[in-house]
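Got the viewer open and a selection box ready? Here is a short walk through the side chains, one stop at a time.

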Amino acid sequence: MFTLSQIVAELGGELIGEDAAVRAVAPAARAQAGEITFLANPKYRSEAERSAASAVIVSPDMAEHFPERSLIVAADPYLYFAKTARLFHPADAARAGVHPSAVIEPSARVPASCEIGAHVYIGENTVLGERCRILANAVVERDCTLGDDVVLHPNVTVYHGCTLGNRVELHSGCVIGADGFGLAFDGGGWLKIPQTGGVSLGDDVEIGANTTVDRGAMSDTAIGRGSKLDNQIQIAHNCRIGEHTVIASCTGVSGSVSIGSYCVIGGGVGTVGHIEIADKTTIGGGTSVTHSIRESGTHYAGIYPMQPYKEWTKNAVLLKRLNEMYRKIKELEAQSDGVAE
């Protein structure tokens with residue numbers, strides 16, 4: 001339970017109206033007394049106005065539309081909502097101790113502040129930072145280094161020789177450091193190329209359930225600080241992803257692709273290998289990225305071929321009318337043939 005004044009004291013913003021105690025955040029349509037909601041998009045204003053919430057987080061230009069309501073005014077209501085939600089739902093702290101069923105190799109270093117769950121395995125020469133939470137059935141193989149406050153959810157596997165920064169969080173089923181898909185054809189079959197690199201994850205990286213990041217062939221596959229990957233993504237060997245890039249589910253990134261910082265990549269995107277994607281690129285869901293994008297700040301979309309977003313939207317409108325245009329062309333051709341006769 002927090003009062004609005006306590007929230008403002010913690011997060012900033014301006015309190016307008018009466019102070020009130022709130023116990024949770026909730027969407028406007030379902031919020032009840034004792035809860036706080038937010039208005040990020042003006043088209044949902046009427047929904048927020050009708051809400052039974054005790055308070056609404058709004059932008060400065062929306063405040064006048066909520067007379068006699070308790071408000072927190074913030075420049076970015078959605079970001080403020082996210083921060084408020086974190087106040088009500090802080091991350092679980094490590095419960096120091098090692099479950100009796102866990103196996104920790106004698107050469108591994110595990111600080112007393114760490115939480116080691118049931119049936120966890122920690123390999124030889126692996127080093128954990130302070131307050132790590134390694135939960136049930138997770139495996140961290142030999143020669144790995146984990147920073148402080150790392151969380152490995154149940155059934156995560158981190159292969160040998162990988163490096164995780166501070167506050168990295170890996171969700172269930174995530175596999176870090178499996179062999180990359182490196183093969184050479186010898187005339188009769190495929191010869192596997194040893195994958196001798198590792199995976200390096202920067203501070204505050206979060207990776208979703210059942211996502212896989214393959215180890216590099218000779219140097220590390222790397223994901224930069226603050227980047228967030230959704231569920232069921234494949235990052236192939238030798239890829240490099242910059243800082244604060246977000247990638248949605250079911251995307252597949254081929255080998256040796258370099259993705260810049262602050263990129264936004266939608267779900268179901270696929271890339272060819274050995275290309276570069278510039279900083280601050282946005283790629284719409286389902287796009288096939290067939291060539292490098294070297295201009296920063298661009299927006300691409302389209303299943304095939306990939307196009308600049310504005311061009312793609314125009315073509316998409318025309319595509320919906322393709323059958324109509326075809327019939328019109330056939331009518332004009334028929335009229336033209338009649339005139340010629």
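Start by selecting Phe-38, Tyr-78 and Phe-81, which together make up one aromatic cluster. Keep in mind as you click around that this is a predicted model. Across the structure there are 5 aromatic pairs, and Tyr-78 with Phe-81 is one of them: the ring centres sit 5.9 Å apart, with 40° between the planes, a tilted arrangement. Colour helix 3 (residues 77-88) and you'll find both Tyr-78 and Phe-81 in it, 3 residues apart, or about one turn of the helix.

Next, jump to Phe-185 and Trp-190. How are their rings arranged? Their planes meet at 55° with the centres 5.0 Å apart, so this pair is tilted. Phe-185 belongs to strand 20 (residues 183-185) and is exposed at 51% relative accessible area. Trp-190 is exposed too, at 61%. Now add Phe-181 and Leu-183 to the selection: with Phe-185 and Trp-190 they form a nonpolar surface patch, about 540 Å² of accessible area together.

Stay in this part of the sequence and pick Asp-179 and Lys-192. Their side chains meet in a salt bridge, 2.6 Å from N to O. This pair links distant parts of the chain: Asp-179 is in the loop between strand 19 (175-178) and strand 20, while Lys-192 is in strand 21 (residues 190-192), 13 residues apart. Asp-179 is partly exposed at 34% relative accessibility, and Lys-192 is partly exposed at 49%.

While you have charges on screen, here are some other salt bridges. Side chains of opposite charge can pair when their charged atoms come close. The structure has 10 salt bridges. Three stops for your selection box:

- Asp-143 and Arg-142: the closest N and O atoms are 3.0 Å apart. Asp-143 is partly exposed at 37%, and Arg-142 is partly exposed at 40%.
- Arg-321 and Glu-324: the N to O distance is 3.5 Å. Arg-321 is partly exposed at 40%, as is Glu-324 at 41%.
- Arg-95, Glu-115 and Arg-133: select these three as a group, since they are linked in a salt-bridge network.

Time for the cysteines. How many disulfides does the count come to? The count is 0. Try Cys-144: the nearest cysteine sulfur belongs to Cys-162 and is 5.1 Å away, and Cys-144 is in no disulfide. With a cut-off of 2.5 Å between sulfur atoms, that distance doesn't qualify. Cys-144 has 0% relative accessibility, so it counts as buried. Then select Cys-250, also in no disulfide, where the nearest cysteine sulfur is that of Cys-174, 14 Å away. Is Cys-250 buried or partly exposed? Cys-250 is partly exposed, with a relative accessible area of 44%.

Two loop residues round off the tour. Select Ala-102, in the loop between strand 8 (97-98) and strand 9 (103-104). Ala-102 counts as buried at 15% relative accessibility. Draw a C-alpha to C-alpha distance from Ala-102 to Val-120 and you should get 4.6 Å, for two residues 18 apart in sequence. Beyond neighbours within four places in sequence, Ala-102 contacts Ile-116, Gly-117, His-119 and Val-120.

The last stop is Ser-51, in the loop between helix 2 (45-50) and strand 6 (55-58). Ser-51 is buried at 8% relative accessible area. Which residues does Ser-51 touch, not counting residues up to four places away in sequence? Show Ala-28, Ala-31, Thr-37 and Arg-69, and you have the contacts of Ser-51 outside that range.

Methods. Residues numbered from 1 in each chain as written. Predicted model: local features only at pLDDT ≥ 70, side-chain atom pairs only at ≥ 80, totals over all residues. Heavy atoms only, no water. Phe/Tyr/Trp six-rings, centres within 6.5 Å; stacked < 30°, edge-to-face > 60°. Helix = DSSP H or I, 4+ residues; strand = E, 2+ residues; numbered from the N terminus. Buried < 20%, exposed > 50% of the residue type's maximum accessible area, 1.4 Å probe, protein only. Patch = residues over 30% accessible without salt bridge, like charges linked within 9 Å, V, L, I, M, F, W, Y side chains within 5 Å. Areas by Shrake-Rupley, 256 points an atom, 1.4 Å probe, with all protein chains shown as cover. Salt bridge = Lys/Arg side-chain N within 4 Å of Asp/Glu carboxyl O. Contact = heavy atoms within 4.5 Å.
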